Amino acid sequence: MSDILMPKATAVWLVDNTSLSFEQIADFCGLHPLEVRGIADGEVARDIRGADPIGNGQLTREELDRAQANPDYRMKAQVSRHAELLKPAKKAPRYTPVSRRQDRPDAIAWFLRHHPEVTDAQISKILGTTKATIEQVRNRTHWNAANIKPVDPVTLGLVGQLELDGLVKKAAEKKAKDDAKRGITPEDPTLRPASEAGQFEPEVEAEEEEDFRAPRGDLKAEDVFGKSSGYVDEEDEE
């Protein structure tokens with residue numbers, strides 16, 4: 001017998017709409033006969049609305065008629081269409097083309113250098129590699145260690161940018177929570193709150209501007225244009 005959805009709601013409907021025995025309903029719904037009797041007496045599942053097992057595809061009309069004609073018959077549940085739709089879809093294991101498998105050590109090295117907060121399990125899952133390979137790249141015991149260089153896995157075509165961003169964000173949030181539990185607070189000496197930083201005052205520029213605008217005294221034409229050379233054009237004399 002298959003497990004059915006909403007067994008108590010189904011039992012309520014069968015009690016109200018069929019002539020099945022308590023034992024038949026209990027066997028079909030996976031309940032105790034006394035519990036079904038309590039539903040019939042109104043002592044159990046008072047506020048539960050009945051669910052039609054025929055309407056939701058868990059029971060056929062022929063199966064119900066056969067059970068009502070024979071008290072010793074036990075109904076067999078059908079696979080519910082709704083139950084199939086509610087089943088979580090299993091993700092297929094990540095497949096990496098053969099032509100790109102040699103690029104995975106470079107992507108592993110990139111994670112180890114730029115995002116140490118990402119765990120080996122996360123790297124293994126997103127790249128489709130093994131923890132042993134990650135450990136070999138980390139310890140430089142990989143057979144091709146001399147040629148391994150950190151390369152962005154998006155550039156290598158191993159993962160998508162959105163998937164990578166989501167992984168890095170998730171790992172950073174987890175690390176922040178773990179640090180908070182241990183009492184470690186992130187500190188950045190290069191940044192200070194605005195209240196501590198105060199207002200920027202360009203003192204040097206102000207002094208230079210004051211020097212430039214300081215009074216220079218009475219200026220003469222010679223100070224601006226230079227002294228006359230004393231040359232006089234002959235035409236001007238005439």
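# Salt bridges, a helix crossing and a covered helix

Arg 182 and Asp 179 form a salt bridge in which the closest N and O atoms are 2.8 Å apart. Welcome to a short tour of this predicted model, which holds six salt bridges. Below you will find some of these charged pairs, then the crossing of α1 with α3, the surroundings of α7, and a few backbone angles worth a look.

**Salt bridges**

- The two partners of the opening pair differ in exposure: Arg 182 is exposed, with a relative accessible area of 57%, whereas Asp 179 counts as buried at 13%.
- Asp 179 is buried because its relative accessibility of 13% falls under the 20% limit for that class.
- Salt bridges that share partners also join Asp 120, Glu 135 and Arg 138 into one network.
- Within that network, the side chains of Arg 138 and Glu 135 meet in a salt bridge, with 2.9 Å from N to O.
- Arg 138 and Glu 135 both belong to helix α8 and sit three residues apart, about one turn of the helix.
- As background to that spacing, an α-helix has 3.6 residues a turn, so residues three or four places apart point the same way.
- Both side chains are partly exposed, Arg 138 with a relative accessible area of 36% and Glu 135 at 34%.
- Glu 35 forms a salt bridge with Lys 8, and here the closest N and O atoms are 3.4 Å apart.
- Because Glu 35 lies in helix α3 and Lys 8 in helix α1, this pair ties together parts that are 27 residues apart in sequence.
- Glu 35 is partly exposed, with a relative accessible area of 24%, and Lys 8 is also partly exposed, at 34%.

**Helix α1 against helix α3**

- The Glu 35 and Lys 8 pair leads us to the helices themselves: the axes of α1 (residues 7–17) and α3 (residues 33–41) come within 10 Å and cross at roughly 60°.
- That angle makes α1 oblique to α3.
- The crossing, as α1 passes α3, is right-handed.
- On the α1 side, the contact is made by Lys 8, Ala 11, Val 12 and Val 15.
- On the α3 side, Glu 35, Val 36, Ile 39 and Ala 40 take part.
- Sorted by class, the contact of α1 with α3 has six nonpolar residues, two charged ones and no polar ones.

**Helix α7 and its surroundings**

- Helix α7 (residues 120–127) is mostly covered, with six of its eight residues buried.
- Those buried residues are Asp 120, Gln 122, Ile 123, Ser 124, Ile 126 and Leu 127.
- Asp 120 thus appears twice in this briefing, as a buried residue of α7 and as a member of the network with Glu 135 and Arg 138.
- The cover over the buried residues of α7 includes α6 (104–114), α8 (131–139), α9 (153–156) and α10 (161–181).
- After α7 comes Gly 128, which has a positive phi near 70°.

**Positive phi outside glycine**

- Met 6 is not a glycine, yet it has a positive phi of about 50°.
- You will find Met 6 in the segment before α1.
- Arg 140 is another residue other than glycine with a positive phi, near 55°.
- Arg 140 lies in the loop between α8 and α9 and is exposed, with a relative accessible area of 56%.

Note on methods. Residues numbered from 1 in each chain as written. Predicted model: local features only at pLDDT ≥ 70, side-chain atom pairs only at ≥ 80, totals over all residues. Heavy atoms only, no water. Axes fitted to C-alpha atoms, helices over the stretch in contact; angles between N-to-C directions. Helix = DSSP H or I, 4+ residues; strand = E, 2+ residues; numbered from the N terminus. Parallel < 35°, antiparallel > 145°, perpendicular 65-115°, else oblique. Left-handed = near helix turned anticlockwise from the far one by under 90°. Contact = heavy atoms within 4.5 Å. Nonpolar A, V, L, I, M, F, W, Y, C, P; charged D, E, K, R; others polar. Buried < 20%, exposed > 50% of the residue type's maximum accessible area, 1.4 Å probe, protein only. Salt bridge = Lys/Arg side-chain N within 4 Å of Asp/Glu carboxyl O.
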